[in-house]
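Reader: I am a first-year student, and I should like to examine one part of this protein closely. Could you please take me through the sheet, the helices that lie against it and the core they share, and then set that part beside the rest of the chain?

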Amino acid sequence: MSINPLYLVGEAATSFKRNWVMSLGAIITIFLSLLLVGISIYSGALVNSLVEDVESKVSIQIFILDDAPSQDIEVLQRQLQNNPLVKTVSFTTKEEALEKFKKTMEQSPEVIESIEGNPLPASLDVELNNAQDVEQVVEEIKGTDAFLRIADRPDDPSKSLNYGQETVRRLFAFTNVLRYVGIAFVTMLALVSLIFINNTIRLAIYARRAEIGIMRLVGASNWFIRAPFILEGVFQALIGALLALLAILAFHVWGLPRIKQAIAFMQISVPGTVMWQISLLLILGGIAIGIVGSWIAMRKYLKV
């Protein structure tokens, strides 16, 4: 018997309509599963962008004692400039530090007015070639005699060093937690999606048992009988995948610009390649779920 593709699509659509309640349940479950997959990839790209921005701003501040000998400051500055891990070293006076503080606190004039004199220390500001080297450079600074002589906290010189590597480390830890939680949820919802598709196909097979029996009698091939059920599962999965993709695209177009505006001091973005990867993964993932769910149901309930 020759296979008419339009007939198979029509049969799949008819079965889809007959079991629309179960089909709707399968679509919603697949939508949630694939939406979580897309969100996981999208949020990962956002966090990576955020981490890169934070890393680009990682620097080391060495706070200097007010009456520190200038020759010791110059010695430490020279040693740091000769360090291959260091990009630049600049000196900030007490007056410059106070001006910078006032600019950052322009929205809180009461804080500026409460300042008496200039309590801020001078500092050496060290910018690195690679933010990941910050702890190594910090340990080298701690072992330098010149630093110990000029640190503004001679009782505990380590407190005279300020750097932001801990922030980056916490961001990576947070990203890992999100990734593991996301994998757990996605796995669980994927299994639920397969169960829904399995039950939907089972009901479709039961509803058409008399028709299937007639097709067997007239010599219909196994694939001719099975194809509409596979297409039905793929329809359900594709609709769920497209809904998930539309939700992510809507956030990318309307939500992300608002987040960028709210945190303009941070540079975050999601490359277009990531959006293409998400689109491809959701559509192919949806098709795979539909085929696998339908195939499991047919092997169990459709003995042809």
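Author: Helix α4, made of residues 94–104, lies across β2 and β3 in this predicted model, and its direction is at about 95 degrees to that of β2. A second helix, α3, lies across β1, β2 and β3; α3 runs at about 160 degrees to β2.

The strands beneath these descriptions belong to an open sheet of four, in the order β2-β3-β1-β4, and the pairing is antiparallel. At the edges are β2 and β4 (161–163), each of which pairs on one side only. From one strand to the next, the twist averages 20 degrees.

The pairings can be followed across the sheet in that order. β2 and β3 run antiparallel and are joined by six bridges; here Phe91 stands opposite Leu124 of β3. β3 also pairs with β1, again in the antiparallel sense and over six bridges. In that pairing, Val126 in β3 is the bridge partner of Ile60. Finally, three bridges join β1 to β4, which run antiparallel, and Tyr163 in β4 stands opposite Ile60. As for exposure, β3 is mostly covered, with six of its seven residues buried.

Ile60 deserves particular attention. Not counting residues up to four places away in sequence, Ile60 touches Leu124, Asp125, Val126, Leu128, Val134, Val137, Val138, Ile141, Leu161, Asn162 and Tyr163. The largest nonpolar core has 25 residues, and Ile60 is among those that touch the most other members, together with Ile62, Leu76, Val126 and Ile141. At least two residues of this core come from each of β1 (59–64), α3 (70–81), β2 (86–92), β3 (122–128), α6 (134–142) and α7 (145–150).

Apart from this core lies another, of 20 residues, which include Tyr42, Ile248, Leu256 and Leu282. To see another part of the chain, consider Leu34, which is in helix α2, residues 20–56. Is Leu34 buried or exposed? The relative accessible area of Leu34 is 5%, and since buried means under 20%, Leu34 is therefore buried. Leaving aside neighbours within four places in sequence, Leu34 is in contact with Ala241, Ala244, Leu282, Gly286 and Ile289. Leu34 and Leu242 are 208 residues apart along the chain, yet their C-alpha atoms are separated by 9.3 Å.

Leu242 falls within the numbering of helix α10, which covers residues 222–262. Its length can be checked by a short calculation: at 1.5 Å a residue, the 41 residues should span 60 Å, and the end C-alpha atoms are 58 Å apart, which agrees. The helix α10 nevertheless has a kink of about 40 degrees at Gly255, shortly before the proline Pro257.

The wider setting may now be stated. The protein contains 11 helices and four strands. Of its 304 residues, 39% count as buried. Among contacts with a separation of 6 or more, 84% are between residues 24 or more positions apart.

Technical notes
Residues are numbered from 1 along each chain as its sequence is written. This is a predicted model: local features need pLDDT of at least 70, side-chain atom pairs count only at pLDDT 80 or more; totals for chains, interfaces and linings use all residues. Side-chain values use heavy atoms; hydrogens and water are left out. A nonpolar core is a set of buried Ala, Val, Leu, Ile, Met, Phe, Trp, Tyr and Cys residues joined through side-chain atoms within 4.5 Å. Buried means under 20% relative accessible area, exposed over 50%, partly exposed in between (1.4 Å probe, protein chains only). Contact means heavy atoms within 4.5 Å. Two strands pair if DSSP finds at least two bridges between them. The expected span of a helix is 1.5 Å times one less than its number of residues. The bend at a residue is the angle between axes fitted to the seven residues ending there and the seven starting there. Axes are lines fitted to C-alpha atoms, for helices over the stretch in contact, and angles run from 0 to 180 degrees between N-to-C directions.
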